[in-house]
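This report covers how helices and strands pack in a predicted model. The sequence and structure come first, and the description follows.

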Amino acid sequence: RSTYSDARYVRLVRVAHEHDWPLLERESGATLIHRADGIFFGPPDGDLEQYAAAVAGAGATGVERIGPDEARRRFPLFAFPDAHAVLHDRTGGVVAAADTLLALDRRCRIEGVHVLEETRVLELDPTRDPVVVETDRGRLLAERVVVTAGAWVSQLVPSLAARTSVQRQHVGYFNVAAPAEALGPGRFPVWVYLGSPASGLYYGLPEFGRAGIKAALHGVGAADDDPDEHPGPSDAAIEGVRRFLRAQLAVKLGDTLHAETCLYTNTPHEHFVIGALPGHPRVIVGSACSGHGFKFGPLTGRLLAELALNGRTSVPEFEEIRGTFAMPSPA
């Protein structure tokens, strides 16, 4: 999707949308993005106007502002009870995440990458030359290291511990009283509800890959969960999503078909971390995507590889703002 709250991300996602995703699809011979219009909506005290301004400021095409009545006509499964306006994003889609990971894995192996599966990295010493990477299967020595450890990044890069937090997300898949053909990509939208600080930001996807539409509350609070613990999804959190859907959908909400958890690694301003470890230019960190990183995946990979090899990237949209994503300097 093109719609973002920050014009810098609107410009970056355009690069991913126009270059990096099509390249990966061509190289893999697979369809990885399945088209689905997007809708962004919410009450007057939400962030819709910030999103609209960012889209306009970045000159994004394919995004149209419409009123609630027109939105109900175009997307009849939504009631839009408190929306004062809706952004209809025709550039949206659903990323086939598992297919994407398989495509990337195949590309790596074709290019001769040696993959060590089931290997835990225990420690990283960037002060050594070559860089020392200790694993549970022995020591590795490297001229360049890229750290993409997700929720575990602060264990390998301690300077991030005070600047990131891990928050478990609770995601549900729900049955709704609508024909199956109305719930898939191309008919049912990807959507984001931009609520007030009190009501929160909810998001959802069409039925894709498993039964039920997907929906969750986008949680980026101060909680810091242990990524090595594995509690099940919270019944209270899923019930909160159900209450939201009952209020927003124009059709009856059915059973919860499945619930699961995932982990966000958040920075205070929900920015990514993409840059060299201060004082150690041979170690590049890519993490803390604050719950919105996967759609940039192929582009992020290109940025990290070019930073590791060249110290800079070939993407002007990133170079202009790379300080926004830089690793924080030690306190």
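## Helix 1 and helix 4

In this predicted model, the crossing of helix 1 past helix 4 is left-handed. Helix 1 covers residues 7-28 and helix 4 covers residues 97-110; their axes come within 10 Å and cross at roughly 65°. Because angles of 65 to 115 degrees count as roughly perpendicular, helix 1 is roughly perpendicular to helix 4.

On the helix 1 side, the contact is made by Trp21, Leu24, Glu27 and Ser28, which meet Thr100, Ala103, Leu104 and Arg107 of helix 4. Sorted by class, this contact holds 4 nonpolar, 2 polar and 2 charged residues.

## The sheet

The model also has an open sheet of 8 strands, with mixed pairing and the order 3-4-2-11-12-13-10-14. Strand 3 (63-66) and strand 14 (253-266) are at the edges and have a single partner strand each, so one side of each lacks a neighbour in the sheet. On average, neighbouring strands are turned by 20° against each other, direction ignored.

Within the sheet, strand 12 (residues 201-205) and strand 13 (residues 213-217) run antiparallel and are joined by 4 bridges. Tyr202 stands opposite Leu217 of strand 13.

## Helix 2 on the sheet

Helix 2 (residues 48-57) packs on this sheet. The strands that helix 2 touches are strand 2 (38-42), strand 3, strand 4 (85-89), strand 11 (190-194) and strand 12. The direction of helix 2 makes about 40° with that of strand 4.

Terms used
Residues are numbered from 1 along each chain as its sequence is written. This is a predicted model: local features need pLDDT of at least 70, side-chain atom pairs count only at pLDDT 80 or more; totals for chains, interfaces and linings use all residues. Side-chain values use heavy atoms; hydrogens and water are left out. Axes are lines fitted to C-alpha atoms, for helices over the stretch in contact, and angles run from 0 to 180 degrees between N-to-C directions. Helices (H or I, at least four residues) and strands (E, at least two) are DSSP runs, numbered from the N terminus. Angles under 35 degrees count as roughly parallel, over 145 as roughly antiparallel, 65 to 115 as roughly perpendicular and the rest as oblique. A crossing is left-handed if the near helix is turned anticlockwise from the far one by less than a right angle, and right-handed if clockwise. Contact means heavy atoms within 4.5 Å. Ala, Val, Leu, Ile, Met, Phe, Trp, Tyr, Cys and Pro count as nonpolar, Asp, Glu, Lys and Arg as charged, and the others, Gly among them, as polar. Two strands pair if DSSP finds at least two bridges between them.
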